[in-house]
Amino acid sequence: MLSTLVYVLAGLASGTAAQSIITDDTFFYGQSPPVYPSPNGTGSGDWANSYTKARALVAKLTLEEKVNLTGGIVADSSCSGIIPPIERVGFGGLCVSDAGNGVRTTDFASSWAAGISVGASWNRDLASKRAVGMAKEFRAKGVHMALGPVVGPLGRITNSGRNWEGFSNDPYLCGVLAADTIKGVQSMGVSTSTKHFIGNEQETNRNPEGNVSSVSANIDDKTMHELYLWPFQDAVKAGTVNIMCSYNRVNNSYGCANSKNLNGLLKTELGFQGFVVSDWYAQHAGVATALAGLDMVMPYGSDFWGANLTQAVTNGSLAETRLDDMATRIIATWYKMGQDKDFPTIGVGMPYDLSESHQRIIAKSPDAKQILLQGAVESHVLVKNVNNALPLKSPKLISLFGYSAKSFDQYTPGSGGWNLGMQPLAPQDVLTDGDDNVIHTQIALNGTLITGGGSGANMPAYVSSPYEALSQRAYDDGTSLWWDFHDSNPAVDQATDACIVIGNAYASESWDRPGLHDDYTDALIQNVAANCSNTIVVFHNAGVRLVDQFIDHPNVTALIFAHLPGQDSGRALTSILYGDVNPSGKLPYSVPRNESDFGILKNQTYPDGIYSLFPQSDFSEGVYIDYRAFDAKNISPRYEFGFGLSYTTFGYSGLKVSKTKGVDTSSYPSKTILEGGQQDLWDIVATVSATVTNTGKIAGAEVAQLYVGIPNGPVKQLRGFEKPVLKPGQSATVNFSLTRRDLSTWDVTAQKWLLQKGGYKISVGASSRNLPLTGTLTI
């Protein structure tokens, strides 16, 4: 049924132009199948002790106290949401707060490299250490649950405003890094809220506005499992204790009222034992959302639940057993994280107004300095380096240009957007037209971009801008420095050794990017390159940034995508430019040559035609996004998924493919469900190994990537990566384990993962289009 929904809607949109505008959502009823009742948490796996304690505590609560656990309250705090204490039973309450890239709306915290930067690092160890460092800051501030990581949006729509909060538009890379993040954060006793479940792939029309409903992500069953559910499954398997449901509708049922997704996919198929919280103001019904699987509503329970939920239980509209399960799931999470013992006072470091007297809680730690810097360094991806323009070789004169080279002008609790990543925006970057419609530009002219905008932004303890870091290096080395942050056609001293042009590509929650390149910055680069034979371009980019307007200019010798490096941005860039460190980042997405290469996946969907009041986003491309789509359409990108240069070179050899002895390769998994799905989905069916050798003259790290061609699917899909650090001449063996799920396709009839018989092409190499080692695995 779901597999035909996309095409039915597409047919309606194209063939019934004369039909009246749909004005009642009953038109769509049944397009998302109902799944009831909401399954009770069982306390399976490592939840058993927490559930035993939770059930005992919930049994002591009054009806009103149980209801109070399910909805936030108004509080004098900058916690994003507060669940009040129940002191008589020893429950201290909960502070839940933004976000997945570090704690927001407070002082004495750090600006960590953003999710997209972690994706660019392809570094699991770094992801884990970053997570631990962030969690320590959340915990010090009395925050029980960090509202992250983000695995939705995955990145279907290239100009989506929130892609930068997540790791990659590849579900495997995204899922692995999310799992490492979850384990790291929760090892510190801080809960993770993996979000936004599910299909939240655009900001435009994400919420109802006037008489226009939220956009519906119309996703067929196979695409749901193989693409969008994939990283959520990894998150559940990793032990995330919370899932946040999304603003959008999915197959025309609101994300926080979608029983198929919450009761069916999450709590039944994946065996999720934690609780589901709404995104802020994403609840649009009362009893219906409780029955559909929602357990907690934010920021306030009073709109639909609160006293209404108490009444619903009293009059029999909602069984008290459902309320008990909601409360038990919430309290079990509190116990599982060990928050019943020695946890800081709720929201102790999160005052509502920092300009008023408050307790000073210093969350940042000297122990995190190296991880912050490493995260910033590995955020950078070098994609062009002609004639070894980089690293710089004892330059006597550097000319620095571009608006993203300097720090922003203001950063105080009273400055506009200080806690929303909006400091780099200049007044001309956000304008209104004659109808008071907001017009966003593509760039932030007021300074360097260290994070994106919205609730995923974070709080720098300081900002190391490229200008400041290069100035310090000039002082240390006796180099001279020219700079101009504002002129689009600056004068260039012909004695300069290198011109560095630094621009950005801004993105934020609440709106989608208006484009993928801007004429102002492209002209700046071309003007500098016309007068400088060694022009090095750097972008602080919150997503894909096209470069074909200037990249073939003979004087553009190097290009770096820096992404969103956090507070150590300038220090990290300077260390790469001078060769103090060897760049090792790789693209977690593809960069095509033209917008048209993306087809329908460049832009968001708008209300249109008979769906003017109920906008429809049809995921008719199925699993074919990014490199999967480019492979299928034989489109050559400018820079492919997984690509990145180093100051050294690497060779690949010695591919070995081995099927695990005695492993069950029957068509379908058969074991019981624990968190993450059927247990035998995680059985290792085969192993792959290869040798990576540093064939260059300096030490460096290489991301070796494994791709698998699954029968009747995309040409190749990422299914493994390792990142060895190698000295010149040194070799290392990289090993990849392939699970049953890694090799399976979703069978919409059997409603299980199908392991097909036949040959699976195995490819290993440096990027999705540089795979020198190939072999075959036969099942």
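Here are a few friendly notes to help you find your way around this predicted model.

1. A good place to start is strand β4, which spans residues 191–197. Seven of its seven residues are buried, so the strand is largely enclosed by the rest of the structure.

2. Next, look at the partners of β4. Strand β3 (residues 145–146) pairs with β4 in the parallel sense over two bridges, and Met145 has Ser191 as its bridge partner there. Strand β6 (residues 242–245) also pairs with β4 in the parallel sense, over three bridges; here Ser193 is matched with Asn242.

3. How do β3 and β4 fit together with helix α6? Along with that helix (residues 171–186), the two strands make a right-handed β-α-β unit.

4. Now for the nonpolar interior. The largest nonpolar core has 90 residues, and the members touching the most others are Leu69, Phe91, Tyr228 and Ile331. Helix α12 (residues 320–336) gives the most to this core, with eight residues. Leaving aside neighbours within four places in sequence, the contacts of Leu69 include Phe91, Met296, Ala327 and Ile331. Apart from this core lies another, of 42 residues, with Ile116 and Val492 among them.

5. Further along the chain, four strands form an open sheet with antiparallel pairing, in the order β25-β24-β30-β31. Its edge strands, β25 (717–722) and β31 (773–778), each pair on one side only. From one strand to the next, the twist averages 25 degrees.

6. Within that sheet, β24 (residues 704–709) and β30 (residues 759–765) are joined by five bridges in the antiparallel sense. To find your bearings, look for Val708, which stands opposite Ile762 in β30.

Conventions:
Residues are numbered from 1 along each chain as its sequence is written. This is a predicted model: local features need pLDDT of at least 70, side-chain atom pairs count only at pLDDT 80 or more; totals for chains, interfaces and linings use all residues. Side-chain values use heavy atoms; hydrogens and water are left out. Two strands pair if DSSP finds at least two bridges between them. Axes are lines fitted to C-alpha atoms, for helices over the stretch in contact, and angles run from 0 to 180 degrees between N-to-C directions. A nonpolar core is a set of buried Ala, Val, Leu, Ile, Met, Phe, Trp, Tyr and Cys residues joined through side-chain atoms within 4.5 Å. Buried means under 20% relative accessible area, exposed over 50%, partly exposed in between (1.4 Å probe, protein chains only). Contact means heavy atoms within 4.5 Å. A crossover is right-handed if, with the strands pointing away from the viewer, the path from the first strand over the helix to the second runs clockwise.
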